[in-house]
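Please open the model in your viewer with the backbone drawn as a cartoon, and keep the sequence panel at hand. The tour moves from one selection to the next and says at each stop what is there.

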Amino acid sequence: MFMPKRVLIEKDALKYPLGEELYNNFKNKDIELIMLETTRTKGIPGSTKMEKYKQGKNTLVIGVKKSLTFQTCKPSAHYQLPLVTGCIGQCEYCYLNTQLGDKPYTRIYVNIDEILDRAKKYINEREGEVTIFEGAATSDPLPVEPYTHALKKTIEFFAKEELGRFRFVTKFTNIEDIVNAKHNGHTTVRFSLNTDKVINTYEHRTPNAKNRIQAAAKVLNAGYPIGFIIAPVFLYDNWETEYSMLIKDLNNSLPVDNHKNITFEIISHRYTTKAKNRINDIFPETKLPMTDEERTFKYGQFGYGKYVYNKDQLSEMKTFFTNELSTYFSDSEIKYII
Ligand code: SF4
């Protein structure tokens, strides 16, 4: 279970039962507890970028979600569902590295009922159509689930919504709340997977592939639709053998008669110059393959471009995953390989 080094708690959070409960829980622990008058954080130390990053990753902020205007989340969902911001994991390539400032703390919200009430309004506004909410757009929500039970509450909320669907993605394995929730098939749980070499080299503070696969099997057995995001795919020496082993391990661990409830998304490694600079600041020893000359530059829709593998490499990767997945998971849907 994630135990922060310091907890920052907004004064207003104490007006909610969950805020009070968490305050009482943390005040008896040997950790720094800082009361905040506003939503502005303070007291997270660090003089270098690396130190600030590490201290942020060990800080939990307990707050009230004030703005209940949800961000859109195209193309995979209609809206982001803001249950948690941030993640305790320290993946070197993480997309959040450039999103959460220099002290990337994890923020949880105590007004979950208000957030879900707002979700209900969004569902009603799109009357007659299914509305999909993404719960992991700016976080991995699972590590802090033992503190809030926000995912369980959300899953059970969506179970009763005829036209509401919920989805989130995780690398973590504390799925007790998930398997015990009444879901009615309205929540899709996706697991992010990679080879052990990639996990050991780049995905610090996250569970290994075997444990993620075991967690996924339990979630599938609990009747959920599930998905696997194999990402980022790195084309290193021996990548075909190792990704092939990963898919075989998956096949051996998941019940064969349930493959139609599984989807796959495969994403090759890419980076922007902004991300590369940030990664080099906080992980100066990084071995991430980020030599611009070895990649193809692709212009992006938001005015910045990214460095991707070249056309031949991507084509080889697509053929490989299409063949492997159609061998072992012919009943599953491959959503995309990019
Ligand atoms: Fe980022 Fe996901 Fe790793 Fe957390 S687990 S640091 S959200 S890539």
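**Starting at a pair of strands**

Select I226 first, and then its bridge partner in strand 13, which is I262. This is a predicted model, and the two residues belong to a longer pairing, since strand 12 (residues 226-233) and strand 13 (residues 262-268) run parallel and are joined by six bridges.

**The seven-stranded sheet**

Widen the selection to the whole sheet, which is open, holds seven strands in the order 4-8-9-10-12-13-16, and is parallel in its pairing. At its edges you will find strand 4 (79-80) and strand 16 (333-337), each of which pairs on one side only.

Now add helix 3 (residues 112-125), which packs on this sheet and touches strand 4, strand 8 (131-134) and strand 9 (164-170); the direction of helix 3 makes about 145° with that of strand 8. Next colour helix 11 (residues 311-328), which also packs on the sheet, where it touches strand 12, strand 13 and strand 16, and whose direction makes about 170° with that of strand 16.

**The five-stranded sheet**

Turn then to an open sheet of five strands, which has the order 2-1-3-7-5 and mixed pairing. Its edges are strand 2 (32-36) and strand 5 (84-85), and because each has a single partner strand, one side of each is left without a neighbour in the sheet.

Within this sheet, select strand 3 (residues 59-63) together with strand 7 (residues 106-109), which pair in the parallel sense over four bridges; G63 is the residue that stands opposite Y109 in strand 7. Helix 1 (residues 17-27) can be added last, lying across strand 1 (6-10), strand 2 and strand 3 and running at about 150° to strand 1.

**The surroundings of the ligand**

Which residues are around the ligand? Select C87, G89, Q90, C91, C94, L96, D140, K171, E203 and T206, and you have them. Coloured by character, the shell divides into four nonpolar, three polar and three charged residues.

**Stepping back to the whole protein**

Finally, show everything: the protein has 11 helices and 16 strands, and its C-alpha atoms fill a box of roughly 55 × 50 × 40 Å along the principal axes. A compact globule of 338 residues would have a radius of gyration near 20 Å, and the protein agrees with this, having 20 Å. Buried residues make up 37% of the 338, and among the contacts with a separation of 6 or more, 76% are between residues 24 or more positions apart.

Terms used: Residues numbered from 1 in each chain as written. Predicted model: local features only at pLDDT ≥ 70, side-chain atom pairs only at ≥ 80, totals over all residues. Near = placed C-beta within 6 Å. Nonpolar A, V, L, I, M, F, W, Y, C, P; charged D, E, K, R; others polar. Rg over C-alpha atoms; globule rule 2.2 N^0.38 Å. Buried ≥ 20, exposed ≤ 12 C-beta atoms within 10 Å, placed from the backbone. Contact = placed C-beta atoms within 7 Å. Pairing = 2+ DSSP bridges. Axes fitted to C-alpha atoms, helices over the stretch in contact; angles between N-to-C directions.
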